[in-house]
Amino acid sequence: MSPVIDPSLQNLDELFPQEFSDEEKAQAKTLFLKNLSLEAHRFYGGKMQTLPKSGIYGFNWFNVWYTPGVSRISTEIRDDADASFALSNRGNLVAVVSDSTRVLGDGDCGPAGGLGVMEGKAMLMKYLGGVDAVALCLDSRGADGRNDPQKIIDFVRMVQPSFGAINLEDISQPNCFKVLDELRETCEIPVWHDDAQGTACITLAALINALELAGKTLAQAKIVLLGAGASNTTVARLILASGGNPSKMIVFDSRGSLHQGRDDIKTDPSHYRKWEICQSTNPGRVLAIEEALQDADVLIALSQAGPDTVKRSWVRSMAQKAIVFACANPVPEIWPYAAKEEGAFIVATGRGDFPNQVNNSVCFPGILKGALLVGARKISDAMVIRCAHSIAEYSRRRGISPDNIIANMEETEVFAEEAADVAMAAIEEGHARIILSREEVYRRARADIDAARAMTEDLKRLGHIKEPPAEILHKALEDAIAGIRGS
């Protein structure tokens with residue numbers, strides 16, 4: 001008899017046969033979620049739609065919202081471009097821009113391949129942060145078939161008058177570095193790369209609290225980073241900017257450790273972010289990861305999906321009360337139970353079905369909301385670091401433990417708190433168009449978040465959003481179980 005599946009998808013472990021091992025259950029959950037995702041997207045036809053935010057009280061109101069009344073809006077904005085943030089939805093609207101060249105763990109999926117992810121980003125922004133967003137997947141290929149970062153730069157510059165902020169997503173490296181750094185300096189609105197800055201923000205927040213629980217400090221910790229893509233290079237930069245010791249940090253890419261002898265990086269101008277790390281870390285030029293992890297306090301892995309990318313023996317050789325972040329998706333570099341068995345004190349992953357999810361969804365809705373509410377012109381590293389500390393502090397106030405080091409997406413309060421702190425940082429740095437008090441930002445952010453969630457619940461209650469049929473859930477589960485039994 002098939003188990004009853006709660007549409008809220010709570011307690012997924014209970015759905016699988018008791019004879020499944022921990023590893024088989026973890027693999028089955030991944031298969032189930034992928035299968036269900038396909039069927040649910042097909043059922044709903046995607047997951048975002050457009051609805052009015054103003055009332056239609058009679059057909060003459062179209063003469064207010066459109067012509068002839070809207071002419072007054074056009075001339076107001078013509079005379080003061082910043083008025084567009086108040087007289088249109090621009091002040092609460094984000095473009096999620098991608099060329100789909102590095103979609104989650106799936107690589108280059110073609111220009112339209114990232115639409116599911118970008119719509120997902122838009123959904124998270126709305127539900128968690130009260131921010132409106134639209135998915136914009138573009139074709140950045142040149143005549144030679146190669147992806148051209150300049151095309152993305154030019155596109156964002158042209159489209160920025162319609163948006164209050166830009167969220168870059170799933171752009172392969174090294175193009176992502178050039179795109180972000182150039183647009184951050186030349187655009188009049190914040191340009192944010194969530195894969196890099198968002199991941200770095202939540203990783204720093206989680207690391208701050210994990211170190212506190214372990215009785216260690218950032219300055220004293222020996223930290224090894226496995227993977228040197230957009231995420232981990234930014235993680236390294238923010239850790240160092242927050243007080244990490246560069247002489248105790250070693251970063252590995254697919255060719256080995258980063259150090260001043262890496263001429264392949266030095267001579268490639270597109271890898272300037274990696275070269276910065278080469279110059280400042282690993283002064284002893286440790287080459288092997290086995291050696292690097294001897295007595296290491298922290299391993300932050302954002303690399304290839306596992307579960308054997310990180311070896312049990314590596315974790316076993318780490319220091320007492322070792323911290324392991326294995327954040328590859330959908331399968332972490334090492335299963336949490338395996339890392340724990342080898343002595344890890346705290347283990348975090350990028351998945352929500354294990355303890356300690358290090359998920360940038362806890363930071364980007366709030367940081368973008370804070371930036372939008374004060375009309376920020378950019379999101380600086382200092383603003384990102386302040387957001388990390390805001391999340392860490394909030395989490396400590398409500399209580400942390402080795403299996404609960406950081407806030408999760410269900411904690412509505414964290415998004416309003418970080419929005420307020422980020423807005424204050426923007427004002428202090430001179431990036432804000434609008435000056436508000438922290439209380440004003442917090443109150444407005446919380447009201448918008450509550451309204452977005454209430455609207456979604458109202459649409460469900462009134463039947464405008466229908467519950468997915470039970471057969472979709474059961475088919476996804478049956479196929480997942482069969483997939484494990486047949487493997």
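Q: Which glycine follows α18, and what is its phi near?
A: First, a note on the model: it's predicted, with local features needing pLDDT of at least 70 and side-chain atom pairs counting only at pLDDT 80 or more, while totals for chains, interfaces and linings use all residues. Residues are numbered from 1 along each chain as its sequence is written, and side-chain values use heavy atoms, with hydrogens and water left out. Helices here are DSSP runs (H or I, at least four residues), numbered from the N terminus. Right after α18 comes glycine 463, with a positive phi near 85 degrees.

Q: Which residues of α18 are buried?
A: Buried means under 20% relative accessible area with a 1.4 Å probe, protein chains only. Their cover includes α5 (115-129), α15 (364-373) and α17 (412-429). The buried ones are Val441, Tyr442, Ala445, Ile449, Ala452, Arg453 and Leu459.

Q: Why does the span of α9 agree with what's expected?
A: The expected span is 1.5 Å times one less than the number of residues. Helix α9 covers residues 230-241, so its 12 residues should span 16 Å, and the end C-alpha atoms agree with that at 17 Å apart.

Q: How many of the residues of α9 are buried?
A: This helix is mostly covered. Ala230, Arg237 and Ile239 are among its buried residues. The count is 10 of 12.

Q: Which helix gives the largest share of the 88-residue core?
A: A nonpolar core is a set of buried Ala, Val, Leu, Ile, Met, Phe, Trp, Tyr and Cys residues joined through side-chain atoms within 4.5 Å. In the largest one, Leu207 and Ile239 are among the residues touching the most other members. The largest share, 11 residues, comes from helix α8.

Note on methods
Buried means under 20% relative accessible area, exposed over 50%, partly exposed in between (1.4 Å probe, protein chains only). Helices (H or I, at least four residues) and strands (E, at least two) are DSSP runs, numbered from the N terminus. Contact means heavy atoms within 4.5 Å.
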